[in-house]
Amino acid sequence: IVIKKNELIGEIFEKMGFNRPVILEIEEKTKNIFNPKNIQSGKNFHVIKRDACDDKPIAVVYEHDKSKYVLYDFRNEIDVKVVEKQVEVKVQEASGQINSSLWQTLESNGIDASVIDLMEEALSSSVDFHHVKKGDEFKLIYEGKYIDGEYIGAGKLIAAQYKNSQGDF
């Protein structure tokens with residue numbers, strides 16, 4: 001079920017055939033897990049049934065974000081929980097030479113904006129990033145986070161090096 005703009009969680013479960021007392025229990029158990037007002041339009045509620053003839057689902061999954069989902073389990077009693085997906089961390093390296101701006105160079109090399117922020121934070125006491133010049137060089141070692149082989153963002157910055165006319169930092 002695709003969530004429509006301004007649709008409430010109760011309306012979604014009503015579409016699935018749940019009655020009002022059950023919906024109230026679902027809403028009550030949901031608010032202890034996450035704010036049900038934070039469901040996002042365009043995302044999906046995945047409905048799981050034993051077979052196509054069943055009226056009501058045995059479970060429903062709402063993928064809140066890339067790293068976790070909410071599981072509504074109706075097999076015995078109503079159980080609502082957040083399930084964290086397994087995150088794989090890979091050490092990644094990046095290096096290059098500034099061609100235009102720092103941001104443009106790093107982004108053109110496929111480096112996550114959050115890694116750029118981490119590098120600037122780590123080296124800000126030594127490097128004036130407001131006066132980056134063409135020819136400056138950088139090297140980075142950082143953690144990349146992956147779920148099911150898909151990159152979801154950067155983790156920690158392990159090492160950063162920046163070389164400019166003032167020296168090697």
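**Notebook: contacts, sheets and a pocket**

I began with Thr30, which touches Ile9, Pro36, Tyr72 and Val80 once residues up to four places away in sequence are set aside. I keep in mind throughout that this is a predicted model. Thr30 has its place in helix H2, which covers residues 20–31. Is Thr30 buried or exposed? The relative accessibility of Thr30 is 0%, and because the cut-off for buried is under 20%, I entered Thr30 as buried.

Two of the contacts of Thr30, Tyr72 and Val80, led me to the strands. I found that Tyr72 has Val80 in E4 as its bridge partner, so I noted that Thr30 touches both members of this bridged pair. Val70, for its part, stands opposite Val82 in E4. Strand E3, residues 68–73, runs antiparallel to E4, and six bridges join the two. The connection from E3 to E4 is a hairpin, made through five residues.

I then looked up the sheet to which these strands belong. Four strands in the order E1-E2-E3-E4 form an open sheet with antiparallel pairing. Its edge strands are E1, residues 45–48, and E4, residues 79–84, each of which pairs on one side only. Direction ignored, neighbouring strands of this sheet are turned against each other by 20° on average. For my own reading of any strand, I wrote down that side chains in a regular strand alternate between the two faces of the sheet.

Next I turned to the largest pocket, which holds about 220 Å³ of space. Which residues lie nearest its centre? Of the 14 residues in the lining, they are Leu8, Ile9, Glu27, Pro36 and Lys37. Ile9 and Pro36 are names I had already entered among the contacts of Thr30. Helix H1, residues 9–15, and H2 are the elements that give two or more residues to the lining of the largest pocket. By residue class, I recorded five nonpolar, three polar and six charged residues in that lining.

From H1 I went on to Met16, which is found in the loop between H1 and H2. Met16 is buried, because its relative accessible area is 7% and buried means under 20%. What does Met16 contact beyond its neighbours within four places in sequence? I listed Ile1, Phe45, Val47, Asp55, Lys56, Pro57 and Val60. I also checked Met16 against Ile58, which is 42 residues apart from Met16 along the chain, and the C-alpha atoms of the two are separated by 11 Å.

My last entry concerns the other set of strands, where four strands in the order E5-E6-E7-E8 form an open sheet, again with antiparallel pairing. Strand E5, residues 88–97, and strand E8, residues 167–168, stand at the edges with a single partner strand each, so one side of each is left without a neighbour in the sheet. Helix H4, residues 113–123, packs on this sheet and touches both strand E6, residues 137–147, and E7, and the direction of H4 makes about 35° with that of E7. Strand E7, residues 150–164, pairs with E8 in the antiparallel sense over two bridges, and I noted that Lys163 has Asp168 in E8 as its bridge partner.

Methods: Residues numbered from 1 in each chain as written. Predicted model: local features only at pLDDT ≥ 70, side-chain atom pairs only at ≥ 80, totals over all residues. Heavy atoms only, no water. Pairing = 2+ DSSP bridges. Axes fitted to C-alpha atoms, helices over the stretch in contact; angles between N-to-C directions. Buried < 20%, exposed > 50% of the residue type's maximum accessible area, 1.4 Å probe, protein only. Contact = heavy atoms within 4.5 Å. 1 Å grid on protein atoms, 1.4 Å probe; cavity = no way out; pocket = protein on both sides within 12 Å on 5 of 7 lines; lining within 4 Å. Points joined across faces, edges and corners; volume = space filled by probe spheres on them. Nonpolar A, V, L, I, M, F, W, Y, C, P; charged D, E, K, R; others polar.
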